[in-house]
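Here's a quick walk through this fold, from how its helices pack to what sits in the middle. Keep the viewer open while you read.

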Amino acid sequence: SDAGHSLMQSLGISNQQYLVALMIFYISYTIFETPSTYMLKKFRPSRWIAFLMFAWGGMTMLLSTLHNFGGLVAVRFLLGAFEAGLFPGLVYVLTFWYRPEERALRIALIVACSSLGGAFGGAIAFAIGRSLDGARGLEAWRWLFLIEGAPSCVAALLFHADKSRNIES
């Protein structure tokens, strides 16, 4: 933000607008959490979870292209909708593979990895901010969203391709 390249400065939004954009994510997450979990039954879990991963990664990368408050709110809403089914979906799928006494450890590992990602995310964001700000004409926050979303899209494509190949064999 010292260079004037923060998300708020680039989009020209106020603190109140920033809080609304943050909150809209949780609203859509709450709305779509249960329906998204039900979609696991309609579509195979391998397809639905791969779709959620790809859509989440795509929405994250789309954040890097924004230029106004309206776009930020819309993308944050969709981001919450796509992320909503991931954790409950993973827990649901684990019920098929593990006995109840084994499940707790697996769920704890998922939560722990998520917490570790959050713990190290700030340090990684700082490093990206210092090293990539202005590279190819993009602010650091735009690079951060591109770098964060791309692996999810690639993993989703690999995950789905692997599952499709296993079904065909």
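## How α2 meets α5

Helix α2 packs against helix α5, which covers residues 86–97, at an angle of about 35° with the two axes 8 Å apart. The crossing of α2 past α5 is right-handed. On the α2 side, the contact uses Y29, E33, T37, L40 and K41; α5 answers with F87, P88, G89 and Y92. One thing to keep in mind as you click around: this is a predicted model.

## How α2 meets α3

Now swing over to α3. Here the angle with α2 is about 140°, and the axes are 7 Å apart. Angles over 145 degrees would count as roughly antiparallel, so α2 and α3 are classed as oblique to each other instead. As α2 passes α3, the crossing is right-handed.

Which residues make this contact? From α2 they are S36, M39 and L40, and from α3 they are P45, W48, I49 and L52. L40 of α2 is worth a click, since this residue is listed in the contact with α3 and also in the contact with α5.

## The chain as a whole

Zooming out, the chain has 7 helices and 0 strands, so the pattern along the sequence reads α-α-α-α-α-α-α under the helix and strand assignment used here. There are 169 residues, and 30% of them count as buried. The chain exposes about 10300 Å², with carbon and sulfur atoms supplying 67% of that area.

What about contacts between residues that are at least 6 apart in sequence? Of those, 69% join residues at least 24 apart.

## The nonpolar core

The largest nonpolar core holds 25 residues. Those with the most contacts inside it are L7, L11, L63, L66, L72, L79 and F82. Five elements are listed as giving two or more residues to this core: α1 (7–11), α2 (15–42), α3 (45–63), α4 (69–83) and α7 (140–168). The largest share comes from α3, with 7 residues.

Try L7 as a starting point. Leaving aside residues up to four places away in sequence, L7 touches I13, Y18, L72, W141 and F145. L11, in helix α1, counts as buried because its relative accessibility is 9%. With the same neighbours along the sequence left out, L11 touches L66, H67, N68, L72, W141 and R142. So L72 and W141 turn up in the contacts of L7 and in those of L11, by the 4.5 Å contact cut-off. The C-alpha atoms of L11 and H67 are separated by 5.3 Å, although these residues are 56 apart along the chain.

## Two residues at 0% accessibility

Is S28 of helix α2 buried or exposed? It has 0% relative accessibility, so S28 counts as buried. Not counting residues up to four places away in sequence, S28 touches R76, F77, G80 and A81.

G149 lies in helix α7 and is buried too, because its relative accessibility is 0%. Where do its contacts fall, once residues up to four places away in sequence are set aside? G149 touches G57, T60 and M61. For G149 and M61, the C-alpha atoms are separated by 5.1 Å, with their positions 88 residues apart along the chain.

Notes
Residues numbered from 1 in each chain as written. Predicted model: local features only at pLDDT ≥ 70, side-chain atom pairs only at ≥ 80, totals over all residues. Heavy atoms only, no water. Core = buried A, V, L, I, M, F, W, Y, C linked by side-chain atoms within 4.5 Å. Buried < 20%, exposed > 50% of the residue type's maximum accessible area, 1.4 Å probe, protein only. Helix = DSSP H or I, 4+ residues; strand = E, 2+ residues; numbered from the N terminus. Areas by Shrake-Rupley, 256 points an atom, 1.4 Å probe, with all protein chains shown as cover. Axes fitted to C-alpha atoms, helices over the stretch in contact; angles between N-to-C directions. Parallel < 35°, antiparallel > 145°, perpendicular 65-115°, else oblique. Left-handed = near helix turned anticlockwise from the far one by under 90°.
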